[in-house]
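Reader: Could you walk me through this model and show me how each label is earned?

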Amino acid sequence: EVAAAVAVLGGLRCLCTFMLLRNVKDHRFPLDYSIQVLPFPLTDKCDAQLGFPMGMVYTSVLEAGLSKIPVFKEFQHLMYSVPEGASKTQQILSIIEQCKVEVGDACHDGYQVVFTLDWVLFVPLALTQGESAAGLPEELRPQMLELLPPLNPAALVGVVMVPSIAPTFPERVGASVPLWRTQAEAEGITGEAAKNAQDIRVSSGITSLPKVLLQLYTHKAK
């Protein structure tokens with residue numbers, strides 16, 4: 001698939017995304033697990049030359065020779081330039097393998113990749129274990145995954161697609177509520193009864209916070 005994607009990248013202004021999820025139920029469409037080719041511009045508001053919303057950020061990082069993106073400082077990620085010459089397919093695959101080695105057990109649950117002929121971004125995922133960059137406890141992640149699956153990797157370049165969440169009481173009447181909490185926390189249930197009241201309650205406001213959505217299932221930066 002990478003070889004086919006590289007061939008497309010050579011003739012079309014675009015980028016490619018890929019996601020691998022392990023140790024969880026299937027929360028995405030089958031197409032999400034194949035390499036996706038996203039032609040430029042990704043949105044009608046993108047700069048014609050940059051091609052995607054965060055194009056200027058990525059350009060600055062590459063020009064500075066950095067391996068981390070400052071706006072992603074809260075979660076673990078790696079970014080590398082693809083060297084000139086030789087086989088781009090082999091170089092991209094080698095960078096991905098290098099990233100797996102560097103993050104070690106952090107990619108136990110899977111990872112997301114965005115790449116062009118010039119650079120590769122690698123983000124390990126914390127779906128079942130590891131410290132969530134957003135502070136989401138491990139025991140609540142299975143329920144959260146049912147409501148909010150991991151974002152499509154396109155979110156890493158500024159294109160966020162997220163399902164809607166209907167507000168519940170007391171959020172429906174304008175009250176401010178935490179982004180997530182358990183039924184016990186929401187209803188003030190304590191003692192032994194709290195153990196049977198661990199259903200998650202998620203605020204509809206979380207869908208308008210792309211940075212939080214990115215951090216839900218990514219590892220907290222070291």
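Author: Happy to; what follows is a set of questions and answers about a predicted model.

Reader: Let's begin with the overall layout. How many helices and strands are there in the protein chain, and what pattern do they follow?

Author: The protein chain has six helices and seven strands. Along the sequence their order is α-β-β-α-β-α-β-β-α-β-α-β-α.

Reader: What makes the chain as compact as a globular protein of that length?

Author: For 222 residues the globule rule gives 17 Å, and the radius of gyration of the protein chain is 19 Å, close to that value, so the chain is as compact as a globular protein of that length. As for its extent, the C-alpha trace spans about 65 × 35 × 35 Å along the principal axes.

Reader: What share of the residues is buried, and what share of the contacts with a separation of 6 or more comes from residues 24 or more positions apart?

Author: Of the 222 residues, 45% are buried. Residues 24 or more positions apart account for 61% of those contacts.

Reader: And what about the surface and the charges?

Author: The protein chain has an accessible surface of about 11300 Å², and carbon and sulfur atoms hold 56% of it. There are 17 positive and 22 negative charges, and their mean positions are 3 Å apart.

Reader: I always look for cysteines. How many disulfides does a search of the whole structure find?

Author: The search finds zero disulfides. Cys16 is in none, and its nearest cysteine sulfur, that of Cys14, is 5.2 Å away. A disulfide needs two cysteine sulfur atoms within 2.5 Å, so a pair at that distance does not count.

Reader: Why is Cys107 not bonded to the closest cysteine sulfur?

Author: That closest sulfur is in Cys99, at 9.6 Å, which is too far for a bond.

Reader: Are these two, Cys16 and Cys107, buried or exposed?

Author: Buried means under 20% relative accessible area. Cys16 has 0%, so Cys16 is buried. Cys107 has 10%, so Cys107 is buried as well.

Reader: Why is Thr17 called buried?

Author: Its relative accessible area is 2%, and the cut-off is under 20%, so Thr17 is buried. Thr17 lies in strand β1, residues 14–21. Beyond its neighbours within four places in sequence, its contacts include Ser34, Ile35, Val113 and Asn152.

Reader: What makes Asn23 partly exposed?

Author: Partly exposed covers the range between 20% and 50%, and Asn23 has 48% relative accessibility, so that label applies. Asn23 lies in the loop between β1 and β2. Although Asn23 is not a glycine, its phi is positive, about 65°. Most residues other than glycine have a negative phi, and most peptide bonds are trans.

Reader: Which residues are joined by a cis peptide bond?

Author: The cis bond joins Phe40 and Pro41, with an omega of about -10°. Pro41 is found in the loop between β2 (36–39) and α2 (55–63).

Reader: Now some loop and helix residues. How do you know that Ala106 is buried?

Author: Ala106 has 10% relative accessibility, which is under the 20% limit, so Ala106 counts as buried. Its place is the loop between α3 (88–103) and β4 (110–115). Leaving out residues up to four places away in sequence, Ala106 touches Gln76, Pro124, Leu125 and His219. Ala106 and Ala166 are 60 residues apart in sequence, and their C-alpha atoms are 33 Å apart.

Reader: Why does Gln215 count as buried?

Author: Its relative accessible area is 10%, again under 20%, so Gln215 is buried. Gln215 sits in helix α6, residues 210–216. Among the residues it touches, past four places in sequence, are Glu74, Phe75 and Ser132.

Reader: And why is Val177 called buried?

Author: Val177 has 19% relative accessibility; buried means under 20%, so the label holds. Val177 lies in the loop between α4 (141–147) and β6 (180–182). Not counting residues up to four places away in sequence, Val177 touches Pro170, Glu171 and Ser203. From Val177 to Leu42 is 135 residues in sequence and 34 Å in space, C-alpha to C-alpha.

Terms used
Residues are numbered from 1 along each chain as its sequence is written. This is a predicted model: local features need pLDDT of at least 70, side-chain atom pairs count only at pLDDT 80 or more; totals for chains, interfaces and linings use all residues. Side-chain values use heavy atoms; hydrogens and water are left out. Helices (H or I, at least four residues) and strands (E, at least two) are DSSP runs, numbered from the N terminus. The radius of gyration is taken over C-alpha atoms; the globule rule is 2.2 Å times the number of residues to the power 0.38. Buried means under 20% relative accessible area, exposed over 50%, partly exposed in between (1.4 Å probe, protein chains only). Contact means heavy atoms within 4.5 Å. Accessible areas come from the Shrake-Rupley method with a 1.4 Å probe; for residues, only the protein chains shown count as cover. Lys and Arg count as positive and Asp and Glu as negative; His and the chain ends are not counted. The place of a charge is taken as NZ of Lys, CZ of Arg, CG of Asp or CD of Glu.
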